[in-house]
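Okay, thanks everyone, I'll keep this short. Let me put the thing up on the screen, and then we'll go through it together.

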Amino acid sequence: MNFNHSNLFINSPLEQFEVTSLLGFNAPILGYMSFTLTNLGLYSALIFTVILGLHYMGNNDKKLLPSKWSIALETLFASINSIVRDQIGKEIYLPFIYSLFFFILIANLIGNIPYTYTITTSIIVSIGLSFTILIGVTILGLSIHKIHFFSFFIPSGTPLALVPLLVLIELISYLARAFSLGIRLFANVVAGHTLLKILSTFLYQMFSGGLIIFIVTLLPFALFLAITGLELAVSFIQTYVFVLLVCSYIKDAIELH
Amino acid sequence: MASRIVVNTLRASARPRALPTVTRAVNARAMSSSNPPPSERASEIINNLPSSQNLVTKTGTVILGTGLLATAISQELYVLNEETVVAAGTFILLAFLAKLIREPYKEWADGHIQRIWGVLESSRAEHTQTVKDRINSVEQMKDVVSLTEGLFALSKETAKLESEAFVQQQKVALASEVKAVLDSWVRFEQQAKESEQTELAKSVIDKVLSSIKDEKTQKEILANAVAEVEQLVKNKAI
């Protein structure tokens, strides 16, 4: 009876992505400022702590012989290093790419734990991250190539008559990167979490339907497990794709095609 | 009736064949190494429960766990909802992945650690060997210092002797030079003396000759000679 009563109240699958205030206060500073710790802020701090902790454990007390943790970390470092060397060719960008990789990966993985919040499902985080990166990459390109950076918007061998049109198209395509990079990550993670939420809602209804239905529901539950595994894989794949694209954008800014 | 007979016949013919098949299947399942017998499987699950090895405490853990869960749910300390399904799914998946990955990762990591350990160990052994070789090579040259010191003393003495010899040579050279100069002086003096004597003799002879030519002198000489002869005669010398 209790179950049926609770089943009447179904939450929206998108409710999990809401940024909610956990605690806050209004201070009479600079007018009336509201200082609030949201779930987004809390999980950002948690991600930071986890990354620091992971690297502290991976540091292996500065011993020469690696531990199992440090080997895993070294392998990840070597993978990211090879991505940076293959894509950009300059290791000066490795710290940035490495930090970015770990931030997104840990954010996605923490989001896969039940009852938690995924900060990459916040559009302000994803788009903010991609916008910041694109602005940084543009500043990098301008600082390296000065005015010649704008030749990036004119493909070589373009007839003069088509230049205004192509510049417009290239500019839009360049600016679209800022959106596409963030939206790709955001959409994939949101879609996966929403799917899991919807499926789990259905499965919960079925599991609470009686013993026989409970046993029958184990079959779609196996499918649900596979989708959970896929979500786990998406966390890695989207991080890899994000980092790879940032590398290619940096390369574009450095080499101008 | 006919159909009943047919069915009975079929049942009878099927029964003896089906039984051994089932028995074989059960035996095969029991003997299979990949599928442990249910009793072992059950004891394995019981052993996995977090408490001491005693069966009573295991039972207590199960009862306590179930009771706590029932209390948590009934008191709405824990609310069963769709997130529970996600939690269960995630837990099962992570447990499965951990079980799947643990052993291969452990093997790979151990191999990697062993490889690094081997490299470090071999380089340490190489270094030790190199140091030993160096010690041996240095040991062969242990007399080098005393030998060098002896050689140095010898060379110092040689240099001292050479310098003394040079001084002596210089002295000899100087003495011979002085002697040559003095000899030349002596020769010169001798020649000068000889020439003076010759001159003197010549002047004496000339003077004597010139004096002899003088008659007075001749008379005097003659008188002297006569006087001497007379003297001799007087002395009865002749």
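When I say a chain exposes area, I'm talking about accessible area from the Shrake-Rupley method with a 1.4 Å probe. And keep in mind that what you're looking at is a predicted model.

So, with that in hand, chain B exposes about 20,300 Å². Carbon and sulfur atoms supply 64% of that. How much of chain B is buried? Of its 238 residues, buried ones make up 6%.

On to the fold. Chain B has six helices and zero strands, and reading from the N terminus you get α-α-α-α-α-α.

Now the bit I suspect you'll want to poke at, the interface. Chain B puts 26 residues into the contact, and chain A puts in 26 residues too. Put together, chain B and chain A bury about 2,300 Å² between them, and 76% of that is on carbon and sulfur atoms. Which residues of chain B lose the most area to chain A? That would be B:Glu82, B:Glu83 and B:Val85, which together account for 25% of what the chain B side buries.

What about charges and polar pairs? The rule finds three salt bridges across the interface of chain B and chain A. There's one between B:Asp110 and A:Lys68, where the closest N and O atoms are 3.3 Å apart. Across that interface you also get seven residue pairs in polar contact, both residues at pLDDT 80 or more. As for make-up, the side of chain B that touches chain A divides into 17 nonpolar, five polar and four charged residues.

Okay, that's my bit. Over to you.

Definitions and conventions: Residues are numbered from 1 along each chain as its sequence is written. Chains are lettered from A and ligands numbered from 1 in the order in which they are written. This is a predicted model: local features need pLDDT of at least 70, side-chain atom pairs count only at pLDDT 80 or more; totals for chains, interfaces and linings use all residues. Side-chain values use heavy atoms; hydrogens and water are left out. Helices (H or I, at least four residues) and strands (E, at least two) are DSSP runs, numbered from the N terminus. Buried means under 20% relative accessible area, exposed over 50%, partly exposed in between (1.4 Å probe, protein chains only). Contact means heavy atoms within 4.5 Å. Buried area is the accessible area (1.4 Å probe) that two parts lose on being put together, summed over both. A salt bridge is a side-chain nitrogen of Lys or Arg within 4 Å of a carboxyl oxygen of Asp or Glu. A polar contact is a pair of N or O atoms within 3.5 Å; within protein, one must be able to donate a hydrogen and the other to accept it, and residues adjacent in sequence count only if both atoms are side-chain atoms. Ala, Val, Leu, Ile, Met, Phe, Trp, Tyr, Cys and Pro count as nonpolar, Asp, Glu, Lys and Arg as charged, and the others, Gly among them, as polar.
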